[in-house]
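Hi everyone, thanks for making the time. I'd like to walk you through a structure that may be new to you, so settle in and have a look at the screen.

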Amino acid sequence: MNTILSFAEIDAGMLAEVGGKAANLGELTRAGLPVPPGWVLTTEAYRQVAAGLDTSGPQVAERARKHLLDAPMPDEVREAIVEAYRGLGDEVPVAVRSSATAEDLPSASFAGQQDTFLNVVGEEAVLAAVRRCWASLWTDRAVAYRESNGIDHAAVRLAVVVQEMVDARTAGVMFTANPVTGRRREIVIDASPGLGEAVVSGAVNPDRFRFRDGRVIERRAGDKRLAIRPLPGGGTERVAKAHDGLCLSDDEVRRLADLGARVEKHYGAPQDTEWAIDAGGTLWLTQARPITTLYPLPESTRAGLRVYFSVNVAQGVMGPLTPMGVAAFRMISSGGAGLAGHAPADPYAGAGFLAESGHRLWLDITAAVRNRAGRALLPRVLTLGEARAVPLVRGLFEDPRLAPAPRSLRPFLRGALRFARNVRLPQRVLVALTSPCRALAHSVRLGAELDRRLRVPGSATPAQRLDHAERVLAGTFPLIIRIMPTAITGYALYALSSKLSGVPIDEMSDVLRSVPHNPTTEMDIELWHLATRVEPEPFRELPVSELVARYQAGELPPVAQREITAFLDTYGHRGVAEIDAGVPRWSEEPGHILGVLANYLRMDGGLTPAELFEKGARQAQKTIGEVAARAGRRARWRAPVVRWALGRTRQYAGLRELPKFYLVKTLAAVRRSLLVVGEHLAEQGVLDRAGDVFFLDLREARAALRGDDMREPVTGRKATYEREKRRKHVPRVLLSDGTEPEAEAVAGAADGAALTGTPASPGTVTGVARVVLDPHGAHLEPGEILVCPSTDPGWTPLFLTAGGLVMEMGGAMSHGAVVAREYGIPAVVGVPEATQRIGTGERITVNGAAGTVTLA
């Protein structure tokens, strides 16, 4: 390959040879976009200079830089650079820019990780700048960035781009989608006099412009107290000078917006560009790269603006789901939609209200937002599970694009009545009101029926197992939803008691402490009892990895081996991120449970979880008495009614967790069958390993059973899945134009150092914070305050030693809030960016009644 190429000679397929920025400029040149002329020194030259470079071990960045700065430049490379530079003209000022092969990727822009040298004049100066560009591939920041994005150091190469300098009157950056709110086709421009480096480096407060729907919608002047100017003979200077007024006219903003639209159309995705306007008014495009931080949009065939609510955020599973995990939920949703008479024509596609993007699930709630009845109901429902979404949804009610649609309520009512009839809602509510024993027995019978359905004969073929998996997925929701009328009756009586007594609901929360019939609480207490029965020595002495090895080999002490096996027989279908059928269960990877046991056995003093549970139950009865007494003061007959109603509430509130318990049991059974299918497919050579089956959907698994080779699509999906695992932000509400309503809202913070959220469990505690992003292997000292993104049942063993809880997600009835109340620990949920604003080791005060977290 030639050492020197002009931009016109480069195509996108040469990315690995010439680097991201260089290929990018070649694309733009051939598309007829206004790019300053220049050339690129290909990665072959870098390979020659970097020969023998050791990229392993510590201090790799420092060693690599020294190697590249000291190694002799091959004569043919030196001569090619000098000849190409002379070809631009006599002592032409140029920009010498780094262009890595891992740069400007769809998933990682790598922007600014390597160095750029501006206004370089003269052959020797260009040669020196090229060498420094090579060395900048190994800056500490570039090495750290590659490691965080899973990019192999040894595979990265660097080309050098040389462009003629634009003597810029004004320059800056332009995003073709709003990088803060996510709104697509809203052009955002930062501009400042002089070279664009002042804006890119953050050295100046630039002017900001926003352009949308053919007009400038925002003009905000920055102070622009500094400009970077080229110096005669080479180099740049920083000129301290205030610039009054705006540095772009509306016409120039429109020209830039038009250019940005052309670039986005060319690449088919929103772009982050750099541009300059010279003294003659000519507009130049100096770079374009994808905006990698935007959340991908759900695909939809429906017209108009759509509103999506994140299932992952609501469930506390911030990471991606495997393709099979998504496919399972599509099949489950098809069964659920059928209860309301809206079964989809293709059950594999799922219900019409279910969408996917970023390997995560979304509910299309547009119909509810655009319906007057839905507007009344939706905030109330969200308050229980995801309170931070409530103001976001209410804000959408003001958007004229989402005004209530003039449609009849008849289809909605018809579907609701059909749903109520299919789940036998009136009968189940009547039984719940009149006979708790029958109501609770019904829930147990549903569990037994589910266990019967989940059984698969050992002789079943892979195809029969796949058939069975599809049947149970489609039938799961119609079965387990029959529990909810009983649970809802309990919460309805709770609300009724509040009205009859005049006691606000949030002041009655102790009634919901230590409720019976909650499978998650029962699991946690059983795990604690297990810790009191096993032999303590190996758990106090050995690392978790050794404990796992001994357990799986059957070499733990007899009682521990037997008791842990019994626990996993009952609860081994659970796990972290358990709503994903593609994720291992505790029965497969018992390290988490064994680590929790080890933590319990190191505890010294304080009430046991069982004692805390009993204490909570006594407090609940005391609160019932107080609420009933206040009701009696309003009218004598109200006291016994409230006492009766809250008694029913306590009997049924724990059932809230039971449908999910049964759902996860279903997913675990499907997972076991699919692993058998995967083993067969791996033996047939259409998959590399059994677990790869979870990177197919149900239809593709069936095609693989017919002999279709699925190894290539699996490889691509695994790469996407790993990339999504590194995503640091997932919106809770997303519009189909890319807007994140929360990004537009003002972050809630009050009283100086106080963070605010939703009150979840009353009480006040001051203690040391422990930020935990993943419960696997996490250790919480007794009394430490758990600070986490969200929780599912896989987290709750940590609650047994926690002194308090702070959660970024959730509402008053979210999983973490419910469990915190049952254990009597103060909790605040829905605290924005809690895991970033609170550090491990900081002393904080959690006021679970006020919903505040105060930093010491």
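Let's start at phenylalanine 567. This residue is buried, with a relative accessible area of 3%. Please keep in mind that we are looking at a predicted model.

Now, what sits about one helical turn from phenylalanine 567? That would be tyrosine 571: the two residues are 4 apart in helix α23, which covers residues 558-571. Tyrosine 571 is buried too, at 10% relative accessibility, where the cut-off for buried is under 20%.

Tyrosine 571 also has a partner from another helix. With phenylalanine 661 it forms an edge-to-face aromatic pair, 6.3 Å from centre to centre and with 70° between the planes. Phenylalanine 661 belongs to helix α27, residues 658-684, while tyrosine 571 belongs to α23, so this pair ties together parts that are 90 residues apart in sequence. Both tyrosine 571 and phenylalanine 661 are buried.

How many aromatic pairs does the structure hold? The count is 6. One of them is phenylalanine 567 with tyrosine 571: their ring centres are 5.2 Å apart and their planes meet at 40°, so we call that pair tilted. If you follow the ring pairs along, Phe567, Tyr571, Phe661 and Tyr662 are linked into a cluster.

While we are on rings, please find phenylalanine 117. The charged end of arginine 132 sits over that ring, 4.2 Å from its centre.

Let's step back to the whole chain for a moment. The protein chain has 32 helices and 26 strands. Its radius of gyration is 31 Å, close to the 29 Å that the globule rule gives for 856 residues, so the chain is as compact as a globular protein of that length. Along the principal axes, the C-alpha trace spans about 95 × 60 × 55 Å. Of the 856 residues, 55% are buried. As for contacts with a separation of 6 or more, 68% of them are between residues 24 or more positions apart. The accessible surface comes to about 35,800 Å², and carbon and sulfur atoms account for 53% of that.

Next, some backbone angles. As a reminder, most residues other than glycine have a negative phi. Asparagine 119 is not a glycine, yet its phi is positive, at about 50°. You'll find asparagine 119 in strand β4, residues 116-120, and at 4% relative accessibility it counts as buried.

Arginine 424 is another non-glycine residue with a positive phi, this time near 55°. Where does arginine 424 lie? Look at the loop between α15, residues 410-422, and α16, residues 425-434. And is arginine 424 buried or partly exposed? With 44% relative accessibility, arginine 424 counts as partly exposed.

There is a positive phi at a glycine as well: glycine 52, near 85°, follows helix α3. That helix covers residues 43-50, and its buried residues include Thr43, Ala45, Tyr46, Val49 and Ala50. These five cover an arc of only 150° around the axis, which puts them on the same side of α3.

I'd like to finish with three buried residues. The one in helix α19, residues 484-501, is threonine 486. Its relative accessibility is 1%, so threonine 486 counts as buried. What does threonine 486 contact, leaving aside neighbours within four places in sequence? The list is Ala432, Ala439, Tyr652 and Leu655.

Then there is valine 819, in helix α31, residues 815-823. Valine 819 counts as buried at 1% relative accessibility. Not counting residues up to four places away in sequence, valine 819 touches Thr520, Asp524, Thr796 and Phe799. Valine 819 and leucine 321 are 498 residues apart in sequence, and their C-alpha atoms are 25 Å apart in space.

Last comes serine 98, placed in strand β3, residues 94-100. Serine 98 is also at 1% relative accessibility and counts as buried. From the C-alpha of serine 98 to that of methionine 324 is 41 Å, with their positions 226 residues apart along the chain.

That's my tour. Thanks for listening, and I'm happy to go back to any part of the picture.

Methods
Residues are numbered from 1 along each chain as its sequence is written. This is a predicted model: local features need pLDDT of at least 70, side-chain atom pairs count only at pLDDT 80 or more; totals for chains, interfaces and linings use all residues. Side-chain values use heavy atoms; hydrogens and water are left out. Rings of Phe, Tyr and Trp (its six-membered ring) pair if their centres lie within 6.5 Å; planes under 30 degrees apart count as stacked, over 60 as edge-to-face and the rest as tilted. Buried means under 20% relative accessible area, exposed over 50%, partly exposed in between (1.4 Å probe, protein chains only). A charge sits over a ring if NZ of Lys or CZ of Arg is within 6 Å of the ring centre and within 35 degrees of the ring normal. The arc is that of the directions from the helix axis to the C-beta atoms. The radius of gyration is taken over C-alpha atoms; the globule rule is 2.2 Å times the number of residues to the power 0.38. Contact means heavy atoms within 4.5 Å. Accessible areas come from the Shrake-Rupley method with a 1.4 Å probe; for residues, only the protein chains shown count as cover.
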